[in-house]
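Here are some short exercises on reading a protein model. Try each task before you read its solution.

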Amino acid sequence: MSSQPTANSPLNATEPRGAKSLLVVLSFLLVLVFFAAAIPAPIRAAWDEFALRIQLQNEPQSASPAKLSDHEIEEIANLPAQQQAERLLERAVNHYDGALELIGKSVDNWFGQLELQGQLSSLLTTALNSNDLHVRAAALEVELAGYNLPKRAESADNLIERIRREPSARPWALWMLGVLGNRGVETQRAFVTLMDHRHDPDEQTRYWAVEGLAMLGTDETVAPLIEAFRRDPSPLVRERGGCGLAQSGMLTREQRMRAVPDLLKMADDMTLDGATRGWVFQALRDITGASVAADAATWRTWWAQHRG
């Protein structure tokens, strides 16, 4: 507990020296203010630009080697499962050497011991949006451990049965079926089940079937994602189809590039609503990395020159 100064405290005895110190500080501040005011505006602007360039330079500047030290590996090994997952996922997101390998070695021991909430939930969201598919894959492994879904055919059986019997469970189960299929478990069955629900009358079911296809990330999923983007009656589902093609999910860049010719056709389609056409151009930018105007003819010219 902090104490307040009293009438008999040493503060009163040292008041003259404190007053002098305060006077010195105030005098120094006045000098700084005068000096700052005296600097010509161009010099201040140049200095500000220089300082900003140092802080926001494009090239990363390492604070320390991005590698798990032996000391940290030993420390992590002695943590509870929840904290192990949090620490290693944070290190994986920041591209520390050894983090992904250690997640792969440890994740089987985390089943039934993780709570997908708080810090771990936030880290999973960050990892699933990483520009590195290896980091996204690590997040999927942690998701399966958190939901206690071992990578076995029985897990796929249970998810498919819940999709069939429990409409309220379909959003989660469709997404997790895509996750499980991406990790090599009943991949074709997952694709067939997700496709069976792609045209469901319920918007949320279609939404999560599209999300599941994006997570599955096989070559077969590109065409139904394009179809969802172009033809689904719901703008929410169309938007998720576009995101699955452009950036989210587990498609590789090469797989996403295969969608470009169909996206160029969509860009030419004046029957599309304005929002969807805007998403098409955004998807083209995300996939190719090109800064091209939202104009179909300009994009066709760019593609003819760069498709290789």
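**Exercise 1.** Does Arg 206 count as buried or exposed?

*Solution.* Note that this is a predicted model. Start with the location: Arg 206 sits in helix α12, which spans residues 203-216. Next, take the relative accessibility, which is 8% for Arg 206. Now apply the cut-off: buried means under 20% relative accessible area. Arg 206 therefore counts as buried.

Then list the surroundings. Set aside the neighbours within four places in sequence. Arg 206 is then in contact with His 197, Arg 198, His 199, Asp 200 and Pro 201. Its contacts also include Asp 232, Pro 233, Ser 234 and Val 237.

**Exercise 2.** Place Met 266 in the fold and describe its surroundings.

*Solution.* Find the helix first. Met 266 belongs to α16, residues 260-268. Then check the accessibility: Met 266 has a relative value of 0%, so it counts as buried.

Which residues does Met 266 touch, not counting those up to four places away in sequence? They are Phe 229, Arg 230, Leu 272, Thr 276, Arg 277 and Val 280. Look at one of them, Thr 276. Met 266 and Thr 276 are 10 residues apart along the chain. Their C-alpha atoms are separated by 9.1 Å.

**Exercise 3.** Work out how helices α10 and α11 pack.

*Solution.* Take the geometry first. Helix α10 covers residues 170-182, and helix α11 covers residues 187-196. The two pack at an angle of about 150 degrees, and their axes are 8 Å apart. Angles over 145 degrees count as roughly antiparallel. So α10 is roughly antiparallel to α11. The crossing of these helices is left-handed.

Now find the residues that meet. From α10 come Leu 174, Leu 177, Gly 178 and Gly 181. From α11 come Thr 187, Ala 190, Thr 193 and Leu 194. Sort the residues of this contact by type: 4 are nonpolar, 4 are polar and none is charged.

**Exercise 4.** Summarise the whole protein in numbers.

*Solution.* Begin with secondary structure. How many helices and strands does the protein have? There are 18 helices and 0 strands.

Turn to burial. The protein has 308 residues, and 41% of them count as buried.

Next comes the surface. The protein exposes about 18,100 Å². Carbon and sulfur atoms supply 55% of that area.

Finish with contacts. Consider those between residues at least 6 apart in sequence. Of these contacts, 60% join residues at least 24 apart.

Terms used. Residues are numbered from 1 along each chain as its sequence is written. This is a predicted model: local features need pLDDT of at least 70, side-chain atom pairs count only at pLDDT 80 or more; totals for chains, interfaces and linings use all residues. Side-chain values use heavy atoms; hydrogens and water are left out. Axes are lines fitted to C-alpha atoms, for helices over the stretch in contact, and angles run from 0 to 180 degrees between N-to-C directions. Helices (H or I, at least four residues) and strands (E, at least two) are DSSP runs, numbered from the N terminus. Angles under 35 degrees count as roughly parallel, over 145 as roughly antiparallel, 65 to 115 as roughly perpendicular and the rest as oblique. A crossing is left-handed if the near helix is turned anticlockwise from the far one by less than a right angle, and right-handed if clockwise. Contact means heavy atoms within 4.5 Å. Ala, Val, Leu, Ile, Met, Phe, Trp, Tyr, Cys and Pro count as nonpolar, Asp, Glu, Lys and Arg as charged, and the others, Gly among them, as polar. Buried means under 20% relative accessible area, exposed over 50%, partly exposed in between (1.4 Å probe, protein chains only). Accessible areas come from the Shrake-Rupley method with a 1.4 Å probe; for residues, only the protein chains shown count as cover.
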